[in-house]
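Q: Could we go through this model feature by feature, with the general idea given before each case?

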Amino acid sequence: MNDIGVIFDLDGVIVDTAKYHFLAWKTLAIQLGIPFTLADNERLKGVSRSQSLDILLDIGNLKLSDEEKQAHLKEKNAQYLEYIYKMGTEEILPGVTSLLDHLDTLGIAYVLGSASRNAALILKQVNLLERFAGIVDGNNVSKAKPDPEVFLIGAQHLKLPATHCVVFEDAIAGIDAANAAQMLSVGIGDQQTLSAATFNFNNLTEIPSDFFTKVISENRKHNEPGLYKTK
Ligand code: BG6
Ligand code: MG
């Protein structure tokens with residue numbers, strides 16, 4: 001059963017690393033005298049590392065040279081990695097392992113489509129790296145989400161047309177990227193925030209057991225390229 005394939009975002013879908021990004025950005029913000037709250041951190045979700053720094057500097061109304069920015073990006077990542085190296089399987093979000101098991105049973109392949117340049121390391125830390133048929137991350141793309149590039153490369157790894165891919169995402173930029181790629185987008189998290197998604201669930205434990213078989217059968221029934229969409 002391989003009419004469809006799945007692309008998972010990492011941060012906020014497989015693991016909750018936003019808290020570690022926050023701690024590392026907060027350290028830099030304090031150093032630069034920029035007020036930075038958890039609400040501000042929401043703006044960094046799904047956004048690349050360098051864009052995140054630009055948002056932080058924007059909040060502080062601060063302009064830095066490219067050299068200074070590079071140095072801060074390096075420091076921020078070094079601090080972030082200290083948290084990442086302490087991660088273990090206990091940090092896998094609820095529902096992830098059973099969903100991957102379910103996909104394995106159905107014979108549906110899955111790859112990662114993340115903005116993070118630390119994606120492979122994080123998956124290794126939580127012992128999930130070997131399960132993915134491919135990894136597309138911040139090291140493989142030239143355009144960040146909401147550009148669809150990361151997911152379109154994911155579709156190539158799955159050897160499927162983009163319209164036969166299902167994307168699980170927790171960020172607005174990621175849902176926009178999936179929609180722009182003409183994939184079926186599944187928003188994980190707040191439904192109002194992710195209202196552009198085709199389907200919405202609070203977390204992966206809520207995915208109905210017949211979700212994928214229904215998507216496949218609707219797709220076949222409509223006998224057209226592209227997945228059946230409810231919206
Ligand atoms: C995304 C996160 O997955 O990765 C963003 O949601 C983060 O918050 C981005 O900025 C880049 O991560 P990294 O690990 O390359 O700094
Ligand atoms: Mg995410």
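A: Helices (H or I, at least four residues) and strands (E, at least two) are DSSP runs, numbered from the N terminus. With that in hand, helix 7 is followed by lysine 159, whose phi is positive, near 55 degrees. The model is a predicted one, in which local features need pLDDT of at least 70 and side-chain atom pairs count only at pLDDT 80 or more, while totals for chains, interfaces and linings use all residues. Residues are numbered from 1 along each chain as its sequence is written, chains are lettered from A and ligands numbered from 1 in the order in which they are written, and side-chain values use heavy atoms, with hydrogens and water left out.

Q: Which residues of helix 7 are buried?
A: Buried means under 20% relative accessible area, exposed over 50%, and partly exposed in between (1.4 Å probe, protein chains only). Helix 7, residues 149-158, is mostly covered, with seven of its ten residues buried, namely Glu149, Val150, Phe151, Ile153, Gly154, Ala155 and Leu158. Contact means heavy atoms within 4.5 Å, and the buried residues of helix 7 pack against strand 1 (5-8), strand 2 (110-113), strand 3 (135-136), strand 4 (165-169) and helix 8.

Q: Why does alanine 177 count as buried, and which residues does alanine 177 touch?
A: Alanine 177 lies in helix 8 (residues 172-180), and it counts as buried because its relative accessibility is 0%. Not counting residues up to four places away in sequence, alanine 177 touches Lys145, Pro146, Asp147, Pro148 and Phe151.

Q: How should a nonpolar core be read, and which residues touch the most other members of the largest one?
A: In soluble globular proteins, nonpolar side chains tend to be buried together. A nonpolar core is a set of buried Ala, Val, Leu, Ile, Met, Phe, Trp, Tyr and Cys residues joined through side-chain atoms within 4.5 Å. The largest one here has 40 residues, of which Phe8, Ile14, Phe168, Phe211 and Phe212 touch the most other members. Helix 5 (residues 96-106) gives the most to this core, with five residues. Apart from it lies another core, of 16 residues, among them Val111, Val136, Phe151 and Ala181.

Q: What is phenylalanine 212 in contact with?
A: Leaving aside neighbours within four places in sequence, the contacts of phenylalanine 212 are Ile4, Val6, Leu99, His102, Leu103, Leu106, Ile108, Phe168 and Ile207.

Q: How is the surrounding of ligand 1 described, and which residues come nearest?
A: A residue is near a molecule or strand if one of its heavy atoms lies within 4 Å of it. There are 15 residues around ligand 1, and Asp11, Val47, Ser116, Arg117 and Asn118 come nearest. A polar contact is a pair of N or O atoms within 3.5 Å; within protein, one must be able to donate a hydrogen and the other to accept it, and residues adjacent in sequence count only if both atoms are side-chain atoms. A backbone N or O atom of glycine 46 lies 2.7 Å from an oxygen atom of ligand 1, and for arginine 117 a backbone N or O atom likewise lies 2.7 Å from a ligand 1 oxygen atom.

Q: Where is asparagine 77 found, and which side chain does a polar contact join to it?
A: Asparagine 77 is found in helix 4 (residues 66-84), and it counts as buried because its relative accessibility is 11%. A polar contact of 3.0 Å joins its side chain to that of asparagine 118.
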